[in-house]
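The exercises below are to be worked through with the sequence and the coordinates at hand. Each task is followed by a solution that proceeds step by step.

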Amino acid sequence: MPAVSKGDGMRGLAVFISDIRNCKSKEAEIKRINKELANIRSKFKGDKALDGYSKKKYVCKLLFIFLLGHDIDFGHMEAVNLLSSNRYTEKQIGYLFISVLVNSNSELIRLINNAIKNDLASRNPTFMGLALHCIANVGSREMAEAFAGEIPKILVAGDTMDSVKQSAALCLLRLYRTSPDLVPMGDWTSRVVHLLNDQHLGVVTAATSLITTLAQKNPEEFKTSVSLAVSRLSRIVTSASTDLQDYTYYFVPAPWLSVKLLRLLQCYPPPEDPAVRGRLTECLETILNKAQEPPKSKKVQHSNAKNAVLFEAISLIIHHDSEPNLLVRACNQLGQFLQHRETNLRYLALESMCTLASSEFSHEAVKTHIETVINALKTERDVSVRQRAVDLLYAMCDRSNAQQIVAEMLSYLETADYSIREEIVLKVAILAEKYAVDYTWYVDTILNLIRIAGDYVSEEVWYRVIQIVINRDDVQGYAAKTVFEALQAPACHENLVKVGGYILGEFGNLIAGDPRSSPLIQFNLLHSKFHLCSVPTRALLLSTYIKFVNLFPEVKTTIQDVLRSDSQLKNADVELQQRAVEYLRLSTVASTDILATVLEEMPPFPERESSILAKLKKKKGPNTVTDLEEAKRERSADVNGGPEPAPASAASTPSPSADLLGLGAAPPAPSGPPPSSGGLLVDVFSDSPSAVAPLAPGSEDNFARFVCKNNGVLFENQLLQIGLKSEFRQNLGRMFIFYGNKTSTQFLNFTPTLICSDDLQTNLSLQTKPVDPTVDGGAQVQQIVNIECVCDFTEAPVLNIQFRYGGTFQNVSVKLPITLNKFFQPTEMASQDFFQRWKQLSSPQQEVQNIFKAKHPMDTEITKAKIIGFGSALLEDVDPNPANFVGAGIIHTKTTQIGCLLRLEPNLQAQMYRLTLRTSKETVSQRLCELLSEQF
Amino acid sequence: MIKAILIFNNHGKPRLSKFYQPYSEDTQQQIIRETFHLVSKRDENVCNFLEGGLLIGGSDNKLIYRHYATLYFVFCVDSSESELGILDLIQVFVETLDKCFENVCELDLIFHVDKVHNILAEMVMGGMVLETNMNEIVTQIDAQNKLEKSEAGLAGAPARAVSAVKSMNLPEIPRNINIGDISIKVPNLPSFK
């Protein structure tokens, strides 16, 4: 007998739905819906009390209308009223309406919460279940506030029914997800862990989900779950399938619960207890063995369930990454799946292998499957599988197979789906750079990339090839020759013109000896593309031309003619016009020497993390790529010297089109009145929120780096770079802040503000002038801050920058590294003097000591440099123990001078330091100790 | 975690949508359209997983779907769920629907949206799987129906009597229903002609 008898349906609802389905047009449908809405509205408003059946019918109609995508703006109150009904049917439909239609910030939440509270207290399991469902489905903060304390009690109470326990566990999980701060940890946690032993497998499943999430955030608290989970898993895996009541699914014992338990175990490292560990290994081996057994059913559900457990077991093996034997078996199993006729399994095998490839033990084993994976790339019908194949090739790539993999990816690119082309381009570019043995291969690869998929080659890719060519002498001639040849093609991509223009402008002379690529031919070749290109490319080509004037005096007149032509000098585009005018003038007035100096070859770019990598990370989301990337980077560190872990320059690339020659337009004269320093009017008229942004992420780290140095990059994001240069003498200092606009668009309303707390203001005086409110694309503006230290201080000022970029308002805050130690004056003294003074400063307030773990490798020379950078003198031969460091100096403030002595004792074995500071003032000792402790 | 469960037919008409994360009503509709677009263009016999659309959260999310005759069942999940496990769950869901409705078809989902929601609620709660044992689920649903019947026996009787009388004079219901797009099993609704 079916659980839902068809005759029972609500006739009114059926008629309404049929009407809608018969509507011939969208308009007719809307008309019918509006009619119905009006009807329901009047029924709800009418004074005749509706019976439960009618209410239910109307609510169902509203649900249907909502599903069709129409807004429902009434009926909520009626639904809430249904909640307090004593009838199950009415209550249920009320809850259904609310969980589908009420969003979490509705003002009805209080009423709903009231009804829920009553139902939770009702001790009627059905009503409790409905209430818990509602909390879990809405899951708002208000609900968490109201019930987060209550639900753990229901969950662990001895007399709670199983089905309610199940719901309570998941309900709590939901509340923890939305508002972890509101769920109090307590003695219920240990009882929740013991639910893993519950008789009812449904309860165990729900509890496992809950514990997994809680354990991710509080691993210590739920550590005991590991052994319980292992023993539970072991009982499931080794039991005959009949033991598990109804939880056997197509001959597989409790597959869902096994998967959840294996997930839970992935929150922890391999168990330490050898007995538990042995039992787990046994489980995993049994699961792997079962994969080899003949299937117990031909149904796809059987193999799905079995493999769901198998894949999860493999994930756990990869996560533990400790049993070479299991890892190899896992890899072989995945290898079998790579050739399986089920597409789903091939997909999952490629995905799992991707993580396996980053494991030390199995990287080689994964590599043996390269042919299969390449074949998958070529023959799979399904784009999602092909995409996984690309990911895996990327993950398994190393120096030994890079050429093959890059070649395969390039050839796949010709036919690849448009949706994944950009990602493949980035991957090819990264691999080619990372594993290039010979840079001619690298240049060929990138040029091929541009030829095949020019539209998908982002700026980062072609910037990078230029950086590399400029930094490597050995490849410059080859690069010039290759781009010259590539440019011969009748139709070439604009990105190629950019690369070609830049490279020939720098290194065209290296191939000019060959009559087939004489200067004039080079120039004509580039100029033949000129008119087909966009403005930024043309601007770049103009810069190439002026570089030619320097490289090849013989084409000077030809180039001058071009620059002089009306289409350049009177070009409608300001940038092009300006370049033409300036370059023409430069070529006429400057002597050869000056030309040679001004147009010198570009200096090498500073080594930095590949901007392409940053882009790929951004594209794929930080979590998906980073881990793998980090692991790979560590492995490949020795190969190419590795990309430097350049601290601040996450994604910096100079924009060659804007600033190719370093000739970039000088900062424009201030336009419009400078903002008055009072800023009152500005505030009134600006539509921007003037609230200060919270400190930018990473700001603290950067701050710490400046304690021992005065110059460098303080902050950098996609738009803005902030550099610092500062000098200090006695109690005075001056800081130059450089704001660089990294985009090609103007920043408007650019206002940096220095913010000091009241305390800080009295101790540290800062003076500065406002900067120009517009910062042109690619330009840099400078701000000078004059600093005076009045009295010793602890906090640091905050630099807040607000500006408009495109239509959006930007707000950045960073801590400005003006620290007490900047006002140090080193003092040299002999051993005797030092210890005499040390003893004089022996009162307990004068000494501050800190013992801490080394954060960086303990290198004597670096430590010395840091102490000197910190500002004190480094005194040699003072401490009887030569391994210790001592220093002395005077902090200058306007009011007083404070003598400071410091002693740093490294303990290499324990990787610890003990730092002792003695000064005549307690606050100074304290602050200096804090600052210096962060440095080692 | 399961972020959303969507059921739509071959033409993209939604038959059930359940979101376990707050999205505005507009976004919900857009997600349904986007998901339909992504799923419907795929051949039969390709794999059942693909990366989620941008609206639901991009490539950190997966769409896991099955296509049964006229209906797509799509689960949008994050990376903490097992793909094959979810595939099984879809199967359990459909088998449960089939038991409860006896040869379920698209029309059942249309006319009994509330029941479908109730069945789903017994399996998935707040984005997490509550129960995978089909017998357990069916037992719960049966218990609900009994409650419903007992209540209907008391209060619903008059209303049902009226409705029954009205039905008598109706020219067959199914004729009004546009069944062009249904090819699972059209229920044998009684004909009064």
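**Exercise 1.** Determine over which residues of chain B the pLDDT stays under 50, and how many contacts beyond four places in sequence the model has for them.

*Solution.* In this predicted model, the stretch to be found is residues 165–193 of chain B, over which pLDDT stays under 50. The next step is to count contacts beyond four places in sequence, of which the model has 41 for this stretch. Among the elements of chain B, helix α6 (residues 173–176) has the lowest confidence, with a mean of 38, whereas strand β5 (residues 71–77) has the highest, at 94. For the chain as a whole, the average pLDDT of chain B is 79, and 78% of its residues score at least 70. The last step turns to the complex, to which the predictor assigns an ipTM of 0.79 together with a pTM of 0.64.

**Exercise 2.** Describe the interface of chain A and chain B by its contacts, its buried area and its salt bridges.

*Solution.* Begin with the residues in contact, which number 83 in chain A and 87 in chain B. The area comes next, since the size of an interface is often given as the accessible area lost when the parts come together. Between them, chain A and chain B bury about 7300 Å², and carbon and sulfur atoms carry 52% of this area. Turning to specific pairs, the rule finds 5 salt bridges across the interface, including one in which the side chains of A:Lys260 and B:Glu81 meet at 3.5 Å, N to O. The search for polar contacts across the interface, with both residues at pLDDT 80 or more, finds 25 residue pairs. Sorted by class, the side of chain A that touches chain B is made up of 36 nonpolar, 27 polar and 20 charged residues.

**Exercise 3.** Locate A:Asp321 and B:Asn45, and decide for each whether it is buried, partly exposed or exposed.

*Solution.* Start with A:Asp321, which is not a glycine and yet has a positive phi, near 50°. A:Asp321 lies in the loop between α16 (300–320) and α17 (324–338) of chain A. Its relative accessibility is 28%, so A:Asp321 counts as partly exposed, the range for that class lying between 20% and 50%.

Proceed in the same manner with B:Asn45, another non-glycine residue, whose phi is positive at about 70°. The loop that holds B:Asn45 runs between α1 (25–40) and β3 (49–51) of chain B. Because its relative accessible area is 65%, B:Asn45 is exposed, the cut-off for that class being over 50%.

Notes:
Residues are numbered from 1 along each chain as its sequence is written. Chains are lettered from A and ligands numbered from 1 in the order in which they are written. Side-chain values use heavy atoms; hydrogens and water are left out. Contact means heavy atoms within 4.5 Å. Buried area is the accessible area (1.4 Å probe) that two parts lose on being put together, summed over both. A salt bridge is a side-chain nitrogen of Lys or Arg within 4 Å of a carboxyl oxygen of Asp or Glu. A polar contact is a pair of N or O atoms within 3.5 Å; within protein, one must be able to donate a hydrogen and the other to accept it, and residues adjacent in sequence count only if both atoms are side-chain atoms. Ala, Val, Leu, Ile, Met, Phe, Trp, Tyr, Cys and Pro count as nonpolar, Asp, Glu, Lys and Arg as charged, and the others, Gly among them, as polar. pLDDT is the predictor's confidence in each residue, from 0 to 100. Helices (H or I, at least four residues) and strands (E, at least two) are DSSP runs, numbered from the N terminus. Buried means under 20% relative accessible area, exposed over 50%, partly exposed in between (1.4 Å probe, protein chains only).
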